[in-house]
Amino acid sequence: EGCVACEADTFKTLSGSDACVVCPGGMKANAGSSACQCAPGHMFEPNVPSLRCSGPCPCTPSVGVHAGSIRSNAPGSVYRNNQRCEWIISGADVFVTIASFDTESGYDRITVEGFDDAACTHGRDFLSSMSGTGPAATFHSNSSHLRITFTTDGSVVRSGFTATWHTTIKPAECSPCEA
């Protein structure tokens, strides 16, 4: 039993198998390599989903989880005055369903937007702005990042909103670096 060297652009996994696996998503490997790398001028995109959040609303940040739920306040309570909460869901094909909402009409607002970058500064795709009461609504972002923002004013409070989200599983890839 001997060591089998893999051809260029393939690699051996750490599972102990002698099988050579093709490098994913435009990655390259030298002959005999045990790992793939991005070509010059490209960067590695692991496509690991995540949830980041800020503000006083309940939230449990996560990495590597493809689905979850968010809410403006604890169950059975009302949201607070003068708050700004933000949830950024990153992953491939992000979907969010606002299950229900009840906010002060015209003053307390849920905004849903897609962005090309995790900082939510490039490629804005405005999806919705909701205030008052309404039925369930589902939104899909073709961007890699979806931001939900909840802002309230200083007077009336209500039961707020609940939402669920999920992303599709996408393999790691190399993408061109921005110029």
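Q: Which residues does D93 touch, not counting residues up to four places away in sequence?
A: This is a predicted model, in which local features need pLDDT of at least 70, side-chain atom pairs count only at pLDDT 80 or more, and totals for chains, interfaces and linings use all residues. Residues are numbered from 1 along each chain as its sequence is written, and side-chain values use heavy atoms, with hydrogens and water left out. A contact means heavy atoms within 4.5 Å, and with residues up to four places away in sequence set aside, D93 touches H140, S141, N142, H166, T167 and T168.

Q: With which side chains does the side chain of D93 make a polar contact?
A: A polar contact is a pair of N or O atoms within 3.5 Å, where, within protein, one must be able to donate a hydrogen and the other to accept it, and residues adjacent in sequence count only if both atoms are side-chain atoms. For the side chain of D93, one such pair is at 3.4 Å and involves the side chain of H140, while another, at 3.5 Å, involves the side chain of T168.

Q: How many residues apart in sequence are D93 and T168?
A: In space, D93 and T168 are 5.8 Å apart, C-alpha to C-alpha. Along the sequence, their separation in residues is 75.

Q: Why is D93 described as partly exposed, rather than buried or exposed?
A: Buried means under 20% relative accessible area and exposed means over 50%, with partly exposed in between, using a 1.4 Å probe and protein chains only. D93 is partly exposed because its relative accessible area is 32%.
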